[in-house]
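User: Please take a close look at the sheet in this model, and follow it outward to whatever packs or opens beside it.

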Amino acid sequence: MAGEAQGDCLFCKIVAGSIPATIVRETETTVAFRDINPQAPTHVLVIPKAHHRDAAALAAAAPELAADVLRETQAVANDEKLESYRIVFNTGSGAGQTVWHAHAHVLGGRGLEWPPG
């Protein structure tokens, strides 16, 4: 069910503290942590604590929580002193989503070309 922790979800386990992560920010509704396979000098994931399958499901079910995630991407960028950065939400396997818990990638610290990979 949307919003409820899923026992087989990697990110739900990070929220619960049963899998370690390098947490850089935490709010009442979100957690931000460093990606274990960074694609840029700064690569932080911002997730809602509540489980939602992907960004589209999050936006549909809890738009205020989607706004919290987006607000935290800005806070991460500020904390990391990024003058420019990219926010990426992969939605669906064809777009590269591999963990089925909504999350935003904050990428920065190097030039990011367009179009992306």
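Analyst: What follows describes the sheet, then its neighbours.

This is a predicted model, in which local features need pLDDT of at least 70 and side-chain atom pairs count only at pLDDT 80 or more, while totals for chains, interfaces and linings use all residues. Residues are numbered from 1 along each chain as its sequence is written, and side-chain values use heavy atoms, with hydrogens and water left out.

The sheet is open and antiparallel, built of 5 strands in the order E1-E2-E3-E5-E4; strands (E, at least two residues) and helices (H or I, at least four) are DSSP runs numbered from the N terminus, and two strands pair if DSSP finds at least two bridges between them. Its edges are strand E1 (23–26) and strand E4 (85–88), each of which pairs on one side only. On average, neighbouring strands are turned by 20 degrees against each other, direction ignored, where axes are lines fitted to C-alpha atoms, for helices over the stretch in contact, and angles run from 0 to 180 degrees between N-to-C directions.

At one edge, E1 and E2 form a hairpin with 3 residues between them, and 3 bridges join these antiparallel strands; Ile 23 has Phe 33 in E2 as its bridge partner. At the other edge, E4 is joined by 4 bridges to strand E5 (residues 104–108), again antiparallel, with Tyr 85 standing opposite Gly 108 in E5. Helix H3 (residues 63–79) packs on the sheet and touches E1, strand E2 (30–34), strand E3 (42–48), E4 and E5, its direction making about 155 degrees with that of E3; contact here means heavy atoms within 4.5 Å.

Phe 33 also takes part in an aromatic pair with Phe 11, which is edge-to-face, at 5.4 Å centre to centre and 75 degrees between the planes. Rings of Phe, Tyr and Trp (its six-membered ring) pair if their centres lie within 6.5 Å, and planes under 30 degrees apart count as stacked, over 60 as edge-to-face and the rest as tilted. The pair links distant parts of the chain, with Phe 11 in helix H1 and Phe 33 in strand E2, 22 residues apart.

Helix H1 (10–16), E2, E3, E4 and E5 each supply at least two residues of the lining of the largest pocket, and H1 gives the most, with 3 residues. A pocket is an open set of points on a 1 Å grid over the protein atoms alone, where a 1.4 Å probe fits, with protein on both sides within 12 Å along at least five of seven lines, and lining residues have an atom within 4 Å of a point. Of the 30 residues lining the largest pocket, Asp 35, Gln 39, His 43, Asn 90 and His 105 lie nearest its centre.
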